[in-house]
Amino acid sequence: MVIALYMRLSKEDMCLQQESNSIYYQRTLLKEYVSKHFKEYQLLEFVDDGYSGAHFNRPSVIKLLEYVRMELVDCIIVKDFSRFSRDYIELGSYMEQIFPLMGVRFISVNDHYDSEQTQGGIGNIDISFRFLLYDLYSKDLSVKVKTALNVRKEKGKYISANSPFGYVKGKEDNHMLFIKEDEALIVRRIFDMALNGNTCVQIAKQFNREGIKTPKQFKMETSKINGEVFEWHSSTICHILKNKVYIGDMVYGKYYKKEVGGKNYLKPRSEWKVYYNHHEPIVTRQVFEKVQKNTKDVKTYETNKKHPLTGKLLCNCGKKLQLKKGVNDYFRCPYLYVTTHFDCIRKISAKFLEQYVLLKVNKHILQIVKNEKETCNADLVKYIEATSLSQELTDIFIDKILVHKESNIEIIWKNEYIKD
């Protein structure tokens, strides 16, 4: 029997310092349970550390559910239902429909629940109430933690896990920022170059020519990770030039959520909160204000719907292609003007990519139907009639798409490789 142990620790759990929810405690509890109740088994571990249970947009739970779809898992064991999900509607859907249909046994240790021993009746009513309570608890906990964090910010405490480039959190007081001189020298040079009339693109190009370490390299303390070469990007330079942290101010309250567990939305700058003179500045306010006058705001486009190919298209240099909005939308490499590579994608039509990928996906589906007529899912067949590319369609079939010059395209399908 293949048993999957799923463990999750949210940021709220970290803030509340609940030892019972730590990954170490969960792993120990689950392994002890398995050793007592199973004789022959193969263990798989899936861990989401620092992710909310209010949604299923978690790396390890997505991978686990992919294993379930591929029929590679016989049993899933969790500490309690809330570790798997706090959304009672989604949780109920998996417990009552998806897992039974796929023949997957589900065990929640602390809830004394085993799907193999529960066959309807009052037991299921009790479980349903627990689902609802977990969902309500999640929403209430999120509000309380958010309120507590806002109170700390208003008192001038820096509570972010990462310190801004040019600063380091104090060893004795980790709610305070102190200047890290080797990084601060680069920040000062960026402001000096901007004062002399250099644009963000020009500064990034110059830094890449000189091989100056990027903020990510300083964090990792190495120049190469898995063969990846780090380079400065104009957006990084622009972010530094507009960040008030470098004049000693701490800005907070920049985002809001429409619902608990939902997406973060950026507030207008006029609604941001500022704690003035919070720490030692790297540049003076006079220099900062002059740079703001010389720097033009980059025009941004707000879209309600993400393009279905966003995040799946890769350039020759290995970077993800960026969508540019206009009369005719197109994708391009965001590092086009600052990278040291010379074969980056300059422009490829979004409509062309949609139609090309849709054609290939439909052919791929027809091939699946042809090979597996008897076992083919009815929901799969309906995609053959698709007339437009959707996020759902690409998420199901496509892992990533490699775009080369001369419009050569390679689609890497999920679970297999097909070269066009």
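In strand 19, which residue is the bridge partner of Val403? The partner is Ile409, and there is plenty more to explore around that pair. This is a predicted model, in which local features need pLDDT of at least 70, side-chain atom pairs count only at pLDDT 80 or more, and totals for chains, interfaces and linings use all residues. Residues are numbered from 1 along each chain as its sequence is written, and side-chain values use heavy atoms, with hydrogens and water left out.

**The chain as a whole**
- The chain has 14 helices and 19 strands; helices (H or I, at least four residues) and strands (E, at least two) are DSSP runs, numbered from the N terminus.
- Of its 420 residues, 40% count as buried, where buried means under 20% relative accessible area with a 1.4 Å probe, protein chains only.
- The accessible surface comes to about 25200 Å², and 50% of that belongs to carbon and sulfur atoms; the areas come from the Shrake-Rupley method with a 1.4 Å probe.
- Among contacts (heavy atoms within 4.5 Å) with a separation of 6 or more, 60% are between residues 24 or more positions apart.

**Strand 19 and its sheet**
- Strands 14, 18 and 19 form an open sheet in the order 14-18-19, with mixed pairing; two strands pair if DSSP finds at least two bridges between them.
- Strand 14 (313-314) and strand 19 are the edges, each with a single partner strand, so one side of each has no neighbour in the sheet.
- Strand 18 (residues 398-403) pairs with strand 19 in the antiparallel sense over five bridges, and Ile398 has Trp413 as its bridge partner.
- Five of the five residues of strand 19 (residues 409-413) are buried, so the strand is largely enclosed by the rest of the structure.
- Both of its faces are covered, with Ile409, Ile411 and Trp413 buried on one side and Glu410 and Ile412 buried on the other.

**The five-stranded sheet and its helices**
- Another open sheet has five strands in the order 2-1-3-4-5, and its pairing is mixed.
- Its edges are strand 2 (42-49) and strand 5 (113-114), each with a single partner strand, so one side of each is left without a neighbour in the sheet.
- Strand 3 (residues 75-78) and strand 4 (residues 105-108) pair in the parallel sense over four bridges, with Val78 opposite Ser108 in strand 4.
- Helix 2 (residues 23-37) packs on this sheet, touching strand 1 (2-9), strand 2, strand 3 and strand 4, and its direction makes about 155° with that of strand 1.
- Helix 3 (residues 59-69) lies across strand 1, strand 2 and strand 3, at about 145° to strand 2.
- For these angles, axes are lines fitted to C-alpha atoms, for helices over the stretch in contact, and values run from 0 to 180 degrees between N-to-C directions.

Key
Buried < 20%, exposed > 50% of the residue type's maximum accessible area, 1.4 Å probe, protein only.
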